[in-house]
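Q: I am new to this structure and should be grateful for a close look at a single part of it. Please begin with one residue and then work outward through its surroundings.

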Amino acid sequence: MPPHEPESVLRAARLERRWATLSVFIVAFLVAMAAYAGIHQAAMPQSRVETADPRTLHLAGEFIESNLGSAVEPDGSVLVRAIGQQYSFTPQCIVVPTQTPVTFRATSADVVHGFLIAGTNVNTMLVPGYISAISTRFETAGDRDMPCHEFCGTGHEGMWGKVKVIDRAAFLAMAGDRRRLNCVE
Ligand code: CUA
């Protein structure tokens, strides 16, 4: 009796085609995901490269001291600028409102630091020479820890900041008096 060669060959070809189709879908899905992350600035590292010279951070450009902290943008969102350096953040305490789109723009003045806000999607690196931008939204008020989570030297474990989320109305009232806010005491 001859083996069922034709039938088994057909079956193999069918499986092969199915698997080929599936792999095309997998590749298309991955490409779509990468494109989405790039467009929405969710890639790590980000595809849109912005630079800041770490040697002149405090002298010129958007990261001079008077420009650090939280400010209300014309569209009602909040923009926070911060710097990481061995072994602290500036500002050390960041104040943000609830129920508001908040964008962080931060960089490092020396080595690579981590920038993470507990309980949020904010989790990136601060790389000297580059600006990290990440957006989030805080639904409820309260304090969030902001540890540096990249080993940056002997003082790394002591490098902690704090994010104070306050009621939107209170934040706007504070923002009325001063242009840049922080909660450093
Ligand atoms: Cu900065 Cu670890």
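In which loop is Q99 found?

A: Q99 is found in the loop between β4 and β5. The model is a predicted one, in which local features need pLDDT of at least 70 and side-chain atom pairs count only at pLDDT 80 or more, while totals for chains, interfaces and linings use all residues. Residues are numbered from 1 along each chain as its sequence is written, and side-chain values use heavy atoms, with hydrogens and water left out. Strands (E, at least two residues) and helices (H or I, at least four) are DSSP runs, numbered from the N terminus.

Although Q99 is not a glycine, its phi is positive, at about 55 degrees. Most residues other than glycine have a negative phi, and most peptide bonds are trans. Q99 counts as partly exposed because its relative accessibility is 39%; buried means under 20% relative accessible area, exposed over 50%, and partly exposed in between, with a 1.4 Å probe and protein chains only.

Ahead of this loop there are two cis peptide bonds to note. One joins Q86 and Y87, with omega of about -5 degrees, and Y87 belongs to the loop between β2 (78-85) and β3. Another runs from T90 to P91, with omega near -5 degrees, and P91 is found in the loop between β3 and β4.

Strand β4 brings in a disulfide, defined as a pair of cysteine sulfur atoms within 2.5 Å. C93 is joined to C183 in this way, with an S to S distance of 1.9 Å. The pair links distant parts of the chain, 90 residues apart: C93 lies in strand β4 (residues 93-97), and C183 in the segment after α2 (168-177). The torsion about the S-S bond of C93 and C183 is about -90 degrees, and the disulfide is therefore left-handed. C93 and C183 are both buried, and the structure holds one disulfide.

On the other side of the loop, S108 lies in strand β5 and counts as buried at 0% relative accessibility. Its side chain takes part in polar contacts, meaning pairs of N or O atoms within 3.5 Å; within protein, one atom must be able to donate a hydrogen and the other to accept it, and residues adjacent in sequence count only if both atoms are side-chain atoms. The side chain of S108 reaches the backbone nitrogen of D110 at 3.1 Å. A polar atom of the S108 side chain also lies 2.5 Å from the backbone oxygen of V111.

Aromatic rings complete the picture. Rings of Phe, Tyr and Trp (its six-membered ring) pair if their centres lie within 6.5 Å; planes under 30 degrees apart count as stacked, over 60 as edge-to-face and the rest as tilted. Three such pairs are found in the whole structure. One of them, F89 with F115, is edge-to-face, at 6.2 Å centre to centre and 65 degrees between the planes. F89 lies in strand β3 (residues 88-90) and F115 in strand β6 (residues 113-116), so this pair ties together parts 26 residues apart in sequence. F89 counts as buried at 2% relative accessibility, and F115 does so at 1%. F104 and F115 also form an edge-to-face pair, because their ring centres are 5.7 Å apart and their planes stand at 65 degrees. F104 lies in strand β5 (residues 101-108) and F115 in strand β6, so the pair ties together parts eleven residues apart in sequence. F89, F104, F115 and F138 form one aromatic cluster.
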